[in-house]
Amino acid sequence: MRDFAKEIEERKQAGLYRTRRLIAGPQQPTLTADGRSLLSFCSNDYLGLASHGENMRALEQALPEVGLGGAASHLVCGHHEAHHRLEQRLAAFTRRSSALFFSTGYMANMGVISALAGRGDTIFSDRLNHASIIDGCILSRARVRRYAHGDVAALEAMLSATSGHKLVVTDGVFSMDGDIAPLTELARVCKAHDALLVVDDAHGIGVLGPQGRGSVLEAGLCQEDVPVLIGTLGKGVGTSGAFVAGSDVLIDYLVQKARTYIYTTAMPPALAAATCASLDAVESGDERRAHLDALIQQFRAGAQDLGYELMSSRTPIQPIMIGNNWTALALSRALEDEGLLVTAIRPPTVPEGEARLRVTLSAAHTEADVDRLLQALAKSRSILSEAVAREPAL
Ligand SMILES: Cc1ncc(COP(=O)(O)O)c(C=O)c1O
């Protein structure tokens with residue numbers, strides 16, 4: 001039998017052991033984590049809608065009307081009119097013909113990719129795609145070819161050398177680097193090589209594009225350019241769940257084929273109602289987005305002045321590149337001593353030797369919050385020059 005305890009110990013020795021923090025109270029920049037009040041810079045609640053009063057009221061109002069549980073899968077008797085309204089709302093929001101509501105982004109990627117490609121087909125996947133895309137590719141049993149991050153020329157060479165059904169899949173905004181996929185170019189090569197383009201805009205929805213409609217609409221790409229658009233609802237939209245949007249035929253096909261949609265209990269319908277309210281807040285959220293952009297600029301200028309290495313990201317995902325696992329942990333801990341919560345991200349979430357602090361900004365932060373983060377980073381700067389070979393007390 002495998003020695004699980006030994007494997008855990010090996011993770012500890014390598015600086016890869018993970019723990020969970022116990023959060024109390026609502027999700028907002030100032031959090032109670034393990035009983036301590038900390039200013040958090042690591043949530044994906046980019047617009048500050050996770051604890052938004054109107055969304056919570058929408059949930060309360062819906063509950064007595066629709067009840068709590070989903071009770072059954074959508075194809076049995078779980079498909080509630082609240083889900084249907086949300087799907088219509090999501091289709092309009094993304095300027096697509098139809099949409100399908102999934103329980104999580106992870107399930108959406110698994111279900112959509114494995115429904116749209118199978119044995120004998122080829123999937124081309126950006127090397128830095130999210131774990132749920134990677135797992136969806138594995139589940140599909142298609143041949144998977146990874147292309148260098150954002151390298152459209154490399155992808156095009158692979159596409160021209162491949163025949164049969166081809167699917168190209170990419171994050172819209174890369175979850176650990178914060179950069180945006182070259183969507184216009186990807187759409188062009190996919191059209192030229194008859195490949196189906198799937199974009200997972202988990203981190204673009206709510207944040208980028210006109211009225212927060214995401215990176216695909218920001219790039220001016222329509223349904224024909226990006227036929228399969230996936231988005232999550234637990235990040236910028238502030239609630240929970242995910243969706244895929246596209247043509248009527250695509251959505252009908254996924255209802256028949258996407259196993260993670262078919263064989264699971266429908267989400268609580270009241271949550272769908274609350275998500276509709278949250279989409280209203282997203283659409284009318286230009287002020288939030290402008291404030292968020294200002295915070296991103298403030299953070300980037302301040303952190304670069306301090307000599308920290310950032311990535312070329314204009315999104316709320318602003319990783320501070322460290323490299324060594326222990327150094328990343330030491331910096332995260334030093335910030336925590338200053339009352340700040342910024343998680344260290346280590347392999348396998350990021351490539352070996354690319355540990356980082358994944359700073360994320362939210363419209364719910366203030367300028368003073370970002371100043372506080374920069375002051376703490378100034379105070380902890382020396383950690384980067386001290387070689388942290390091993391964490392003494394984990
Ligand atoms: C690019 C990307 N896709 C999908 C997911 C999964 O979404 P969810 O958290 O809704 O399962 C995430 C994040 O966690 C992500 O970063």
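**Salt bridges and a helix crossing**

User: What makes Asp 225 and Lys 191 a salt bridge?

Analyst: Their side chains meet at 2.7 Å, N to O. A salt bridge is a side-chain nitrogen of Lys or Arg within 4 Å of a carboxyl oxygen of Asp or Glu, so this pair counts as one. Keep in mind that this is a predicted model, where local features need pLDDT of at least 70, side-chain atom pairs count only at pLDDT 80 or more, and totals for chains, interfaces and linings use all residues. Residues are numbered from 1 along each chain as its sequence is written, and side-chain values use heavy atoms, with hydrogens and water left out.

User: Where do Asp 225 and Lys 191 sit?

Analyst: Asp 225 is in the loop between helix H9 (215-218) and strand E9 (228-232), while Lys 191 is in helix H8; the two are 34 residues apart, so the pair links distant parts of the chain. Helices here are DSSP runs (H or I, at least four residues), as are strands (E, at least two), numbered from the N terminus.

User: Why is Asp 225 called buried or exposed, and what about Lys 191?

Analyst: Buried means under 20% relative accessible area, exposed over 50%, and partly exposed in between (1.4 Å probe, protein chains only). Asp 225 comes in at 15%, so buried. Lys 191 has 46%, so partly exposed.

User: How do you know that Lys 6 and Glu 10 are about one helical turn apart?

Analyst: They are four residues apart in helix H1 (residues 4-13), which means about one turn. Their side chains also form a salt bridge at 3.4 Å, N to O. Lys 6 has 49% relative accessibility, so it's partly exposed, and Glu 10 is partly exposed too, at 44%.

User: Why is H5 called roughly perpendicular to H10?

Analyst: The axes of H5 (residues 105-116) and H10 (residues 248-257) come within 10 Å and cross at roughly 100°. Axes are lines fitted to C-alpha atoms, for helices over the stretch in contact, with angles from 0 to 180 degrees between N-to-C directions. Under 35 degrees is roughly parallel, over 145 roughly antiparallel, 65 to 115 roughly perpendicular and the rest oblique, so H5 is roughly perpendicular to H10.

User: Which residues make that contact?

Analyst: Val 112, Ala 115 and Leu 116 of H5 meet Leu 250, Tyr 253, Leu 254 and Lys 257 of H10, contact being heavy atoms within 4.5 Å.
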